[in-house]
Amino acid sequence: MKLLSNVMEQVVKRNPNEPEFHQAVREVLESLEPVAERHPEWVKAGIFERIVEPERQIVFRVPWLDDKGNVQVNRGYRIQFNSAIGPYKGGLRLHPSVNFSILKFLGFEQILKNSLTSLPIGGAKGGSDFDPKGKSDNEVMKFCQSFMTELCKHIGPDTDVPAGDIGTGGREIGYMYGQYKRLRNEFTGVLTGKGLTWGGSLARTEATGYGLCYFMDEAIQAKGKSFKGATVVISGSGNVAIYATEKVNQLGGKVVALSDSNGYIYDAEGIKLDTVKRLKEVERKRISEYVKFHPSAKYTEGCSGIWNIKCDIALPCATQNEINEISAKTLVANGCFAVGEGANMPSTPEAIDVFLKNNVVFGPAKAANAGGVATSALEMCQNSARYSWTFEEVDAKLKNIMVNIYKNASAAAKEYGFGDNLVAGANIAGFLKVADAMYAQGIAY
Ligand code: NDP
């Protein structure tokens with residue numbers, strides 16, 4: 001890193017103890033060095049220094065009453081990172097691990113991801129250290145209402161449009177939307193991931209998992225491979241993992257493993273998705289329960305062992321840094337030829353090096369999982385128009401977007417001397433549009 005090394009130094013200095021944020025920024029800046037060389041006007045205008053600093057960071061107290069009548073206090077966040085190309089857009093994560101580092105890494109990645117979709121949306125992320133796991137519906141509702149009571153002052157359909165993420169599914173979006181509507185007395189598209197009877201888009205639930213498979217299908221076809229007959233390992237068993245499994249099955253592959261934060265299941269016959277959907281989407285149970293219904297499957301406690309399972313394609317769809325260097329080497333040694341990131345930043349930088357050095361087709365998160373936010377933007381379009389498209393219409397648009405993201409990332413990688421490296425290609429393709437918009441809008445911005 002030459003031109004941009006001072007930018008990275010400043011990020012570390014200004015944001016101490018935020019390792020995930022540093023990791024995300026470092027990876028991007030490394031890819032942008034040739035862009036900086038080609039655009040001295042962007043260097044002069046401080047585009048690189050500005051894009052790594054959030055436009056606004058909101059932190060607030062979230063008090064709520066639990067079922068026993070005790071006061072609980074959580075911390076709420078919204079990082080409004082960049083609005084150069086559209087209103088802030090990004091999910092709300094509800095998980096005990098939520099802190100500034102995690103939300104800033106996610107918000108920063110979101111800027112480039114949203115740009116890659118080719119739709120007019122800026123980058124943001126938010127959430128809370130609240131853990132919905134083990135809470136009653138009533139407690140989740142109380143939390144969501146308190147959270148939205150403050151958040152509603154900072155968002156709006158043309159300002160900032162949050163969505164779901166880990167721990168924030170249809171139930172949570174419903175409670176938050178109800179509270180927003182009550183406080184503001186308006187029925188607008190202020191959140192995405194809404195229910196189908198109140199402004200949600202068909203195919204939004206499926207979008208991230210389906211989009212991941214559309215992207216990876218395009219990438220592996222370029223290498224003469226396909227999902228047909230492939231053995232696939234997927235981590236997680238949440239929204240992204242479930243619909244990635246569904247699409248892999250439709251494309252002729254076989255998913256043999258899924259996990260949650262306690263452990264993983266292996267079913268050599270192929271995972272029975274109906275059972276997983278019932279356990280996870282309806283009954284909110286642990287993945288270990290799967291073996292009660294399919295005794296030939298095996299459950300193993302602990303998550304990382306899932307990457308020791310022999311597979312052709314791996315789709316990490318759980319959380320950040322879940323594949324380290326050792327797991328990456330094991331995947332390669334077992335013949336895995338493609339890795340597509342459904343989760344955000346699931347591979348460590350060392351793991352990515354292993355994949356790239358071994359010519360594994362590697363789909364980085366900001367490109368490969370952009371289908372969710374792309375379809376959220378399609379939900380915003382439908383809300384603004386007070387109209388709705390059919391499942392097939394949305395799915396066709398999603399597929400088209402994912403294929404174009406692959407093409408743009410692949411072309412940018414080649415143009416800037418990174419060969420087949422889609423990590424660099426996605427960073428560059430996403431950045432060019434945002435940088436151009438920031439430059440055009442002047443320095444006060
Ligand atoms: P969900 O909450 O629906 O599911 C998350 C899954 O990952 C669960 O199976 C969960 O297990 C598991 N998990 C969470 N934390 C950990 C951990 N620390 N170790 C191991 N497993 C863990 O979330 P989503 O499916 O929506 O999100 C998954 C990933 O995809 C996240 O990185 C998210 O940012 C990303 N993403 C999601 C999008 C979307 O549209 N939903 C869009 C783009 C990216 P458990 O139930 O035990 O917690």
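**Exercise 1. In which strand is Lys 89 found, and is Lys 89 buried or exposed?**

Before you start, keep in mind that you're looking at a predicted model.

*Solution.*
Step 1: Find the strand. Lys 89 belongs to β3, which covers residues 88-94.
Step 2: Check the accessibility. Lys 89 has a relative accessibility of 0%, so Lys 89 counts as buried; the cut-off for buried is under 20%.
Step 3: Look across to the strand next door. β3 and β5 run parallel and are joined by four bridges, and the residue of β5 opposite Lys 89 is Val 161.
Step 4: Try a residue far along the chain. Leu 191 is 102 residues from Lys 89 along the chain, and their C-alpha atoms are separated by 9.3 Å.

**Exercise 2. Work out the order of the strands in the open sheet of five strands, and say which ones stand at the edges.**

*Solution.*
Step 1: Read across the sheet. The order is β1-β2-β4-β3-β5, and the pairing is mixed.
Step 2: Pick out the edges. β1 (56-65) and β5 (160-163) each have a single partner strand, so each of them has one side without a neighbour in the sheet.
Step 3: Add the twist. From one strand to the next, the twist averages 20 degrees.

**Exercise 3. Describe strand β10 and the strands that pair with β10.**

*Solution.*
Step 1: Sort the side chains. In a regular strand the side chains alternate between the two faces of the sheet. In β10 (residues 313-316), Ile 313 and Leu 315 point one way, while Ala 314 and Pro 316 point the other way. All of these residues are buried.
Step 2: Take one partner. β6 (residues 231-235) pairs with β10 in the parallel sense, over four bridges. Here Ala 314 of β10 has Val 233 opposite.
Step 3: Take another partner. β11 (residues 338-340) runs parallel to β10, with two bridges joining them. Ala 338 in β11 is the bridge partner of Ile 313.
Step 4: Put in the helix. Together with α12 (residues 325-333), β10 and β11 make a β-α-β unit, and this unit is right-handed.

**Exercise 4. How do helices α5 and α17 cross, and which residues meet there?**

*Solution.*
Step 1: Decide what to look for. Two packed helices are described by the angle between their axes and the distance between the axes.
Step 2: Get the values. The axes of α5 (residues 100-116) and α17 (residues 422-440) come within 8 Å and cross at roughly 85 degrees.
Step 3: Name the arrangement. Angles of 65 to 115 degrees count as roughly perpendicular, and α5 and α17 are therefore roughly perpendicular to each other.
Step 4: List the contacts. On the α5 side you'll find Ile 111, Leu 112, Ser 115 and Leu 116. They meet Ala 426, Asn 427, Ala 429, Gly 430, Phe 431, Lys 433 and Val 434 of α17.
Step 5: Sort them by type. The contact has seven nonpolar residues, three polar ones and one charged one.

**Exercise 5. Are Glu 109 and Gln 179 buried or exposed, and what do they touch?**

*Solution.*
Step 1: Start with Glu 109, which is in helix α5. Its relative accessibility is 4%, so Glu 109 counts as buried.
Step 2: Skip residues up to four places away in sequence, and Glu 109 touches Ala 24 and Lys 366.
Step 3: Move to Gln 179 in helix α7 (residues 170-184). With a relative accessibility of 10%, Gln 179 counts as buried.
Step 4: Leave aside neighbours within four places in sequence, and Gln 179 is in contact with Gln 145, Met 148 and Thr 149.

Methods:
Residues are numbered from 1 along each chain as its sequence is written. This is a predicted model: local features need pLDDT of at least 70, side-chain atom pairs count only at pLDDT 80 or more; totals for chains, interfaces and linings use all residues. Side-chain values use heavy atoms; hydrogens and water are left out. Buried means under 20% relative accessible area, exposed over 50%, partly exposed in between (1.4 Å probe, protein chains only). Two strands pair if DSSP finds at least two bridges between them. A crossover is right-handed if, with the strands pointing away from the viewer, the path from the first strand over the helix to the second runs clockwise. Axes are lines fitted to C-alpha atoms, for helices over the stretch in contact, and angles run from 0 to 180 degrees between N-to-C directions. Angles under 35 degrees count as roughly parallel, over 145 as roughly antiparallel, 65 to 115 as roughly perpendicular and the rest as oblique. Contact means heavy atoms within 4.5 Å. Ala, Val, Leu, Ile, Met, Phe, Trp, Tyr, Cys and Pro count as nonpolar, Asp, Glu, Lys and Arg as charged, and the others, Gly among them, as polar.
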